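User: I've got this one open in the viewer and want to check how its labels were earned. Can we go through them?

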Amino acid sequence: MDLDVIDVVARWLHLMGVVVWLGHNYANVIQNPLYRPVGPNTPLEELEERLETALKREHAIFRHASLLVLASGAFMLWHREILRDVLTLQGGHAVLGIGVWLGLIMVANLWFVLWPHQKRVLGFVPATLEERIQCSRITFVSSRTNTILSFPSFFFMAAGAHSSFLFG
Ligand code: HEM
C-alpha cells in the first residue's frame, strides 16, 4: 500500500486512539470529580467498594490506546520526514513540536508513573493496604495531570496542523 495512504490511516488511528485514551480520562473526571481520601476509620466495605471501582476502571484498552497514539504519531512524523525538526522545535514545526513533547510526557506519565502505582492499588503487585491507599493518591494526581496536559496538547496538535500562519 502507498505510504501516503498509510499516513491517512495513521492520522485516523491517531485520532481514534486519542478518543479512547483521553475519553477514559474525561469520563473519570465526571465520575470521580474529587479524590476521596481514606483513613484508618474508613469501613472495610467502603475500601473494598473503592478498590472494586478502580478495578472496573482498569481496562488495558485505554493504556494500549496511548501506544497507538504514540506509534501512529511517530509514523506520520517519520513518513513526512519532519521527525527531527518537530522534536527540536525548528521554525514552523515548533508548534506541532510542543504538542508532541506534551504528548510524550503524557505517555511517559501513564506508563512510568500511573501504571506502576495502579498495579499496587489493584493488587497485581503485592502491597500493604497502607501502600495501596498511598498509591491511589498518586494515580489520581497522575491521571489528572494527563487530563490537564491534554488541553494544551490538543491545541498545539491542531494548531500545528492547521494554524501555523498564526505563528509566522
Ligand atoms: C505521543 C506522542 C504524539 C505524537 C508523536 C503525535 C504526533 C502527531 C502528528 C504528526 C500529527 C499530524 C499533524 C499534522 O498533520 O500536521 C498529530 C495530529 C493530532 N494529534 Fe498527535 N501526537 C502525539 C500525541 C497526541 C496526544 C496526547 C493528543 C491528544 C491530546 C494528540 C492529538 C492530536 C490531534 C487531535 C491531531 C489532529 C490535528 C488536526 O488534524 O487538526 N496527539 N499528532
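User: Which helix gives the largest share of the shell around the ligand?

Analyst: Helix 6, with eight residues. Keep in mind that this is a predicted model. The shell has 24 residues, and Gly73, Gly103, Ser153, Met157 and Ala161 come nearest to the ligand. Helix 1 (3-31), helix 3 (60-79), helix 5 (94-121) and helix 6 (129-162) each give two or more residues to that shell.

User: What makes up the shell by class?

Analyst: Sorted by class, there are 17 nonpolar, seven polar and no charged residues around the ligand. Glycine goes with the polar ones under the scheme used.

User: Why is Glu81 called exposed?

Analyst: The cut-off for exposed is 12 or fewer other C-beta atoms within 10 Å. Glu81 has 8 C-beta neighbours inside 10 Å, so it counts as exposed. Glu81 sits in the loop between helix 3 and helix 4 (83-87), and its phi is positive, near 60 degrees, though it isn't a glycine.

User: And what makes Leu89 partly exposed?

Analyst: Partly exposed falls between the exposed limit of 12 or fewer and the buried limit of 20 or more. Leu89 has 14 other C-beta atoms within 10 Å, so partly exposed it is. Leu89 is in the loop between helix 4 and helix 5, also with a positive phi, about 55 degrees.

User: How do you know that Val95 is in contact with Phe156?

Analyst: Contact takes C-beta atoms within 7 Å. Leaving aside neighbours within four places in sequence, Val95 has Phe156, Ala159, Gly160, Ser164 and Phe167 as contacts. Val95 and Phe156 both belong to the largest nonpolar core, which has nine residues.

Note on methods:
Residues are numbered from 1 along each chain as its sequence is written. This is a predicted model: local features need pLDDT of at least 70, side-chain atom pairs count only at pLDDT 80 or more; totals for chains, interfaces and linings use all residues. A residue is near a molecule or strand if its C-beta atom, placed from the backbone, lies within 6 Å of it. Helices (H or I, at least four residues) and strands (E, at least two) are DSSP runs, numbered from the N terminus. A nonpolar core is a set of buried Ala, Val, Leu, Ile, Met, Phe, Trp, Tyr and Cys residues joined through C-beta atoms within 7 Å. Two residues are in contact if their C-beta atoms, placed from the backbone, lie within 7 Å.
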